[in-house]
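Visitor: I am new here. Please show me the structure, and then let me ask how its labels were earned.

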Amino acid sequence: LALPLPAFAETRDERVAAANQYVDLALQGFDMTKMIETMYQPILQQVAAGGATLTDAQVAQIRQLYLDTFTDPLTTLMHDQSQIMADMFTLAEITALRDFYATPEGKSVMAKLPQLTAAQQPGMMALINDKMTGLMPQVLAIVNGEAAPEATPAPSAQP
């Protein structure tokens, strides 16, 4: 009985409408191009680590390929998140997010998210690569109904 009545009275349509406002606001300050550019950087780094040198024209082609491939689908995916948000969050939570991203600080955060992704990506990729060697045999054993092999620690980059 102590719960506020508006929490029960809100509708999914109200949450979707507020989430749509949040998404529209978030996308105004979001640099989709920068985010997509972070996606192919590990490939360029692997190519360089393998001793190959790409020309500026090749890098530009890869960049354009990624932009052409991901810009529209990622934008659509981001717009679709309003439906998910409406199922996960309350109207008050969505409204708070929307209101935050309308502030100068919120706009600044949104503009910096691609840089955050780029800064985290090498560590994330290293972690995944480090763990997959030992993990895949165990996953395959489970899938095949076999006894899982002993976990072997992956080699560490530290001495």
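Guide: Start with Arg12, which is partly exposed at a relative accessible area of 31%.

Visitor: Why is Arg12 called partly exposed?

Guide: Buried means under 20% relative accessible area, exposed means over 50%, and partly exposed is in between (1.4 Å probe, protein chains only). Arg12 has 31%, so partly exposed is the label. A word on the source: this is a predicted model, where local features need pLDDT of at least 70, side-chain atom pairs count only at pLDDT 80 or more, and totals for chains, interfaces and linings use all residues. Residues are numbered from 1 along each chain as its sequence is written, and side-chain values use heavy atoms, with hydrogens and water left out.

Visitor: What makes Asp87 count as exposed?

Guide: Its relative accessibility is 54%. Exposed starts over 50%, so Asp87 qualifies.

Visitor: How do you know that Arg12 and Asp87 form a salt bridge?

Guide: A salt bridge needs a side-chain nitrogen of Lys or Arg within 4 Å of a carboxyl oxygen of Asp or Glu. Here the N to O distance is 2.6 Å, so the pair passes. The structure holds 4 salt bridges.

Visitor: What does the pair of Arg12 and Asp87 tie together?

Guide: Arg12 lies in helix H2 (residues 12–29) and Asp87 in helix H4 (residues 56–88), so the bridge ties together parts 75 residues apart in sequence. Helices (H or I, at least four residues) are DSSP runs, numbered from the N terminus.

Visitor: Why is the link between Glu37 and Arg63 called a salt bridge?

Guide: Their side chains meet at 2.7 Å, N to O, which is within the cut-off, so the name fits. Glu37 is in helix H3 (residues 32–49) and Arg63 in helix H4, 26 residues apart. Glu37 is partly exposed at 22%. Arg63 is partly exposed too, at 29%.

Visitor: Are Arg15 and Glu10 buried or exposed?

Guide: Both are buried. Their side chains also meet in a salt bridge, at 3.5 Å, N to O.

Visitor: Why is Ser82 called buried?

Guide: Ser82, in helix H4, has a relative accessible area of 2%. Buried means under 20%, so the label holds.

Visitor: What makes the pairing of Ser82 and Asn20 a polar contact?

Guide: A polar contact is a pair of N or O atoms within 3.5 Å; within protein, one must be able to donate a hydrogen and the other to accept it, and residues adjacent in sequence count only if both atoms are side-chain atoms. The side chains of Ser82 and Asn20 are joined at 2.7 Å, so the distance fits.

Notes. Helices (H or I, at least four residues) and strands (E, at least two) are DSSP runs, numbered from the N terminus.
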